[in-house]
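Biologist: I have not seen this structure before. Please show it to me, and then I will ask about its parts.

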Amino acid sequence: MTVTELNPELATISRLLVLGALTIYSIAFIILAWSLTKRAAKGDKTSSKLENIGIYLLVAGNLLHFVGVLTRGIAAHRVPWANMYEFSITGSFIVTFIYLVALRFKDLKFISTFVSGFVVLIIGSANTLFYVQVDTLMPALQDYWLVIHVSVAILATAFFMIGAALAAILILKSGKGKERKLLKVFPEVEKLEKLSYQFNIIGFILWSFTLIAGAIWADKAWHRFWGWDTKEVWTFIIWTIYAAYLHATTTKGWEGKRAAWLALIGFTAIIFNFTIVNLYFKGLHVYSGL
Amino acid sequence: SRLPEYIKIETEKDNFKKVEEFFKTNKYRTVITQDEIRAEKGYLRETGNLVFHLSLLGVLISVGLGGALSYSGQRVLVEGESFVNNEAGYDSLSPGLLFDTKSLTPFSLKLNSFITTYDYLNPTNYAKPIDFTAKVTTNLNGKKDDAVIKVNNPLMLPNAKVYLTGNGYAPDVVIKDKDKNIVFSGPVVFLPQDGNLTSLGVIKVPDAPTQFGIMAFFYPTVGQLETGALTSTHPYPWNALLSMNVFVGKLGLENGLNANVFDLNTHAMKQVAGGKSGIKAIQVKPGETVALPKELGTLEFRGLKRFASLDITYNPMELWVLVFALSTLFSLILMLIIPRRRIWVKKSSGFVEVAALAKSRDESLGKIVKEISEIVKKKS
Ligand code: HEM
């Protein structure tokens with residue numbers, strides 16, 4: 001086994017690039033939030049020039065973010081997702097990227113404030129709470145399943161995040177005070193339902209593969225494919241919540257607001273699984289690097 | 001949950017041929033009578049439903065059966081030692097309900113060497129272990145093979161997978177009584193307590209003229225904490241030290257007391273070195289020999305070996321669990337995304353009725369009924 005030489009200077013540059021992206025995203029967030037309130041005041045449904053500027057800033061931030069993630073990988077000589085910091089920066093890059101791609105096909109501008117706000121939150125906490133130096137992989141992580149298992153987990157989380165933003169708006173929109181001006185800028189409940197479903201079902205399929213890939217890897221690395229480890233339990237609970245969500249969307253009386261609540265609970269559980277379970281629960285799946 | 005859609009069209013025409021065509025191009029199954037067309041779509045949903053439930057049952061059965069037919073056992077091997085795959089060869093073995101331990105594949109496995117690689121190249125990562133490799137020789141029906149076992153690379157043998165689950169140091173010691181008779185000899189497995197492999201081990205000497213036991217700390221690279229306590233500052237044996245507390249008294253091995261090799265029950269014993277005994281803990285480096293207190297004799301720290309903890313398991317149903325898990329997933333998705341709907345087009349004198357029923361929420365049902373009614377109405 002030869003030791004690969006890490007590049008801490010490049011990792012520092014990567015960190016600065018990601019912080020640069022964070023700055024641009026933050027400006028975009030402020031602009032997008034401002035444009036949303038302005039439109040809400042007028043009850044205007046069409047997108048404004050200000051909003052477009054916000055979106056362009058997201059694109060610029062995403063480009064910088066990409067270089068940041070890439071350089072982190074080059075500095076570490078491997079995929080940039082082997083600890084919580086890397087999972088967060090790659091995950092937030094993917095969320096923004098998927099969102100921007102989806103914008104080309106669907107009218108999703110109305111959640112831009114949510115997406116950018118969330119991404120700012122993720123990068124902010126990654127940089128302050130989860131930051132770790134580039135490191136060589138511990139023996140348990142030296143396997144090609146790292147590439148498959150974690151990249152699929154990142155994609156799943158990204159789709160669920162957008163699905164959750166849509167579900168949250170759906171809940172607001174179908175709640176009391178429907179007539180509030182702010183809510184008028186959002187599309188109809190039926191449309192929100194459909195969009196949210198589309199993101200969540202893709203998330204669900206990817207999540208299922210995360211779980212199965214994890215089990216296959218666990219059979220190699222932990223000498224059993226399933227053992228009710230805390231991470232396994234929570235990943236399974238989340239899977240069940242989303243299965244219930246999908247079931248609800250096709251069940252009369254459960255579609256719409258109730259199903260949306262399930263999607264939101266599911267996403268909260270994902271955040272819980274990534275933060276609290278990783279940092280405070282004991283188990284085999286301790287790859288935060290902290 | 002049934003959501004009917006219904007449209008009644010006042011017309012003398014019916015355009016049944018066109019409606020039939022519509023069903024055909026959209027892959028519906030149809031039953032056509034004199035004055036009615038019944039069309040159905042989404043059988044795959046029902047199939048999905050059936051397969052889903054069968055697969056779920058499959059997962060449960062293969063997990064259950066796997067549990068009964070599998071076994072898993074542990075064995076700690078010091079470099080140079082061999083393991084024979086039978087019940088006696090294990091430190092602990094938990095066979096499933098239906099697993100006959102006599103059916104264990106007769107192979108043996110010798111740990112030739114255990115190699116660790118630490119990162120000395122990257123300052124930020126200094127001394128982190130980056131590789132553990134157990135070099136072994138297996139002997140299966142007289143056929144010898146060399147192999148390596150790593151953390152993510154278990155050794156596959158017939159009906160047995162050998163995993164590397166842990167490792168540590170085994171100081172090799174020789175103890176002689178005051179008449180220079182050897183009363184203990186061999187490597188002793190010390191359990192690691194931290195990342196720098198500060199390790200804890202127990203040596204029991206039942207064959208000495210006065211029975212005694214040693215509870216010892218091993219530091220691969222010894223250093224001192226601010227409190228003065230010793231600690232290991234590095235996992236590699238650059239400045240190894242063994243620090244021993246000695247206890248004299250009945251070990252009680254014959255009564256099953258002190259059966260655990262990693263634990264010393266000092267209840268009926270008296271401490272003669274270390275702790276509050278008044279004599280300092282006895283320290284020895286590799287290659288050195290020290291005298292033990294109370295004329296117990298001498299201890300030679302002959303050398304240092306590595307040990308590997310191995311898990312040997314086998315579950316014949318593993319692949320089936322995976323197959324059924326995948327088919328559960330695929331069928332669930334089929335079930336969720338494929339709509340199942342039935343459509344009727346019925347003619348009576350003066351009007352045509354189009355009705356549709358979905359088994360679940362079906363967004364496009366109303367649209368389809370409308371579309372068909374347009375076809376019915378169309379003047380050709
Ligand atoms: C059935 C077993 C497994 C399940 C259900 C599972 C589940 C997950 C989930 C849901 C994530 C997403 C982020 C998070 O919540 O932390 C994740 C990330 C990750 N998994 Fe697994 N996993 C399993 C097995 C494994 C194994 C065996 C390894 C390595 C030996 C591994 C290594 C990682 C790493 C490095 C990450 C990214 C960093 C992190 O989030 O902690 N996983 N896994």
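The questions below take up a metal site, a helix pair and a few single residues.

Modeller: This is a predicted model, in which local features need pLDDT of at least 70, side-chain atom pairs count only at pLDDT 80 or more, and totals for chains, interfaces and linings use all residues. Residues are numbered from 1 along each chain as its sequence is written, chains are lettered from A and ligands numbered from 1 in the order in which they are written, and side-chain values use heavy atoms, with hydrogens and water left out.

Biologist: Which protein donors does the iron atom of the ligand have?

Modeller: Donors are N, O and S atoms within 2.8 Å of the metal (3.2 Å for Na, K and Ca), and water is not among the atoms, so sites may look incomplete. Two protein atoms, both named NE2, lie 2.0 Å from the iron. They belong to His149(A) and His285(A).

Biologist: Where do His149(A) and His285(A) lie in the chain, and how many residues apart are they?

Modeller: His149(A) is in helix 5 (residues 145–174) of chain A, and His285(A) is in the segment after helix 9 (257–280) of chain A. Helices here are DSSP runs of H or I with at least four residues, and strands are runs of E with at least two, numbered from the N terminus. The pair links distant parts of the chain, and the separation is 136 residues.

Biologist: Is His149(A) buried or exposed?

Modeller: Buried means under 20% relative accessible area, exposed over 50%, and partly exposed in between (1.4 Å probe, protein chains only). The relative accessibility of His149(A) is 13%, so His149(A) counts as buried.

Biologist: How are helix 1 and helix 2 of chain A oriented to each other?

Modeller: Axes are lines fitted to C-alpha atoms, for helices over the stretch in contact, and angles run from 0 to 180 degrees between N-to-C directions. The axes of helix 1 (residues 8–42) and helix 2 (residues 49–76) of chain A come within 8 Å and cross at roughly 160°. Angles under 35 degrees count as roughly parallel, over 145 as roughly antiparallel, 65 to 115 as roughly perpendicular and the rest as oblique. Helix 1 and helix 2 of chain A are therefore roughly antiparallel.

Biologist: Which residue in the loop between strand 7 and strand 8 of chain B has a positive phi?

Modeller: Most residues other than glycine have a negative phi. In the loop between strand 7 (107–118) and strand 8 (129–140) of chain B, a residue that is not a glycine has a positive phi of about 65°. That residue is Ala127(B).
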